[in-house]
Amino acid sequence: MSEELLKEMAQSIIDGDSDLSAELAQKAIAANMHPLDAITKGFVVGVTYIGDQFGKGEAFLPELVMAGEAMKTAVAVLEPELLKLGQAREMLGKVVLATVEGDIHEIGKTLVGTMLSASGFEVIDLGVDQPAEKIIGKALEVNANIIGMSALLTTTMVRQREVIEELDKEGLRPKIKVMVGGAPITKDWVEKIKADGYSEDAIGAVKVAKELVGKANA
Ligand code: B1M
């Protein structure tokens with residue numbers, strides 16, 4: 001794997017350069033780099049750096065927005081490659097996926113959705129800023145096995161609990177399992193809200209989802 005290419009990928013995100021991040025994603029495909037390596041060892045390094053700088057007050061909202069756009073562009077170029085990895089698999093179950101209400105962070109959620117699709121799940125991705133009733137309504141409509149919820153803000157993670165409480169109130173669990181994730185989500189939080197599963201990253205999310213549908217070895 002080219003260390004130089006990975007560094008350029010991270011830098012393209014830090015610079016918020018969507019044209020370059022797309023070009024480097026294409027370069028990675030041409031070089032036969034694993035698409036998930038390109039994302040996690042290249043582009044994510046850049047977006048994490050900008051996020052840290054933003055947290056310290058050393059980068060500002062426009063830089064965060066541009067880094068987010070460059071990241072989205074790169075992941076979109078790599079998405080078809082990720083999906084190819086899992087072609088012709090047994091259907092493992094249905095997942096309704098969303099970023100919770102009040103939260104517009106979509107990159108990690110989309111990546112989780114892509115990896116689940118590539119691994120044999122049918123994924124209904126509702127997008128970002130989704131209220132509990134929409135998430136639960138869609139899960140009932142499509143007869144989902146799993147509801148997956150992403151939250152990136154400490155102020156929005158509470159929405160995950162609201163959905164779980166509503167499901168419990170309606171007696172919809174354990175039929176519908178709940179998986180949660182996102183940067184601020186910890187094991188303690190998962191236990192507190194009684195979610196069925198949680199993962200720190202997209203690969204782990206696939207493993208957890210398989211366990212939740214009783215197909216850990218698929
Ligand atoms: Co925002 N943002 N942001 N942001 N942003 C964070 C989250 C922050 C930590 C940055 C910081 O201050 N250091 C901070 C939150 C602080 C907190 O809550 N304590 C923050 C803030 C404050 C904000 C705003 C409030 C800023 C403002 O307006 N003043 C605002 C909020 C908007 C809103 O949602 N209402 C905001 C806005 C934005 C942008 C729109 C500019 C942009 C998002 C663009 C987009 O998504 N289209 C953005 C970005 C890019 C970030 C950071 C830098 C990067 C997030 C990202 O895409 N990471 C982020 C800092 C950080 O996280 N280090 C930050 C890459 C992605 C692959 O990882 O999303 O973690 P991640 O997903 C991972 C895992 O978490 C896991 O797997 C994924 C793949 O490995 N995972 C799951 C995620 N979901 C899962 C679900 C699962 C399982 C696993 O099961 C269902």
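Modeller: A quick definition before we start: accessible areas here come from the Shrake-Rupley method with a 1.4 Å probe. And keep in mind that this is a predicted model.

Colleague: Thanks! So how much area does the protein chain expose, and what share do carbon and sulfur atoms supply?

Modeller: About 11000 Å² is exposed by the protein chain, with 53% of that supplied by carbon and sulfur atoms.

Colleague: And what percentage of the residues are buried?

Modeller: Of the 218 residues in the protein chain, 46% are buried.

Colleague: Switching to the fold, how many helices and strands are there?

Modeller: You'll find 9 helices and 5 strands in the protein chain. Starting at the N terminus, the order is α-α-α-α-β-α-β-α-β-α-β-α-β-α.

Colleague: Why does the radius of gyration agree with a compact globule?

Modeller: Because a compact globule of 218 residues would come in near 17 Å, and the protein chain has 17 Å. As for its extents, the C-alpha trace spans about 50 × 45 × 25 Å along the principal axes.

Colleague: What about contacts between residues at least 6 apart in sequence?

Modeller: Among those, 73% join residues at least 24 apart.

Colleague: Now the ligand. Which protein donor does the cobalt atom have?

Modeller: His 105 is the only one, through NE2 at 2.2 Å.

Colleague: Where is His 105 placed?

Modeller: His 105 sits in the loop between β1 (93-99) and α5 (107-118).

Colleague: Last one: how many positive and negative side chains are there?

Modeller: The protein chain has 23 positive and 34 negative side chains, and the centres of these two sets lie 7 Å apart.

How values were computed: Residues are numbered from 1 along each chain as its sequence is written. This is a predicted model: local features need pLDDT of at least 70, side-chain atom pairs count only at pLDDT 80 or more; totals for chains, interfaces and linings use all residues. Side-chain values use heavy atoms; hydrogens and water are left out. Helices (H or I, at least four residues) and strands (E, at least two) are DSSP runs, numbered from the N terminus. The radius of gyration is taken over C-alpha atoms; the globule rule is 2.2 Å times the number of residues to the power 0.38. Buried means under 20% relative accessible area, exposed over 50%, partly exposed in between (1.4 Å probe, protein chains only). Contact means heavy atoms within 4.5 Å. Lys and Arg count as positive and Asp and Glu as negative; His and the chain ends are not counted. The place of a charge is taken as NZ of Lys, CZ of Arg, CG of Asp or CD of Glu. Donors are N, O and S atoms within 2.8 Å of the metal (3.2 Å for Na, K and Ca); water is not among the atoms, so sites may look incomplete.
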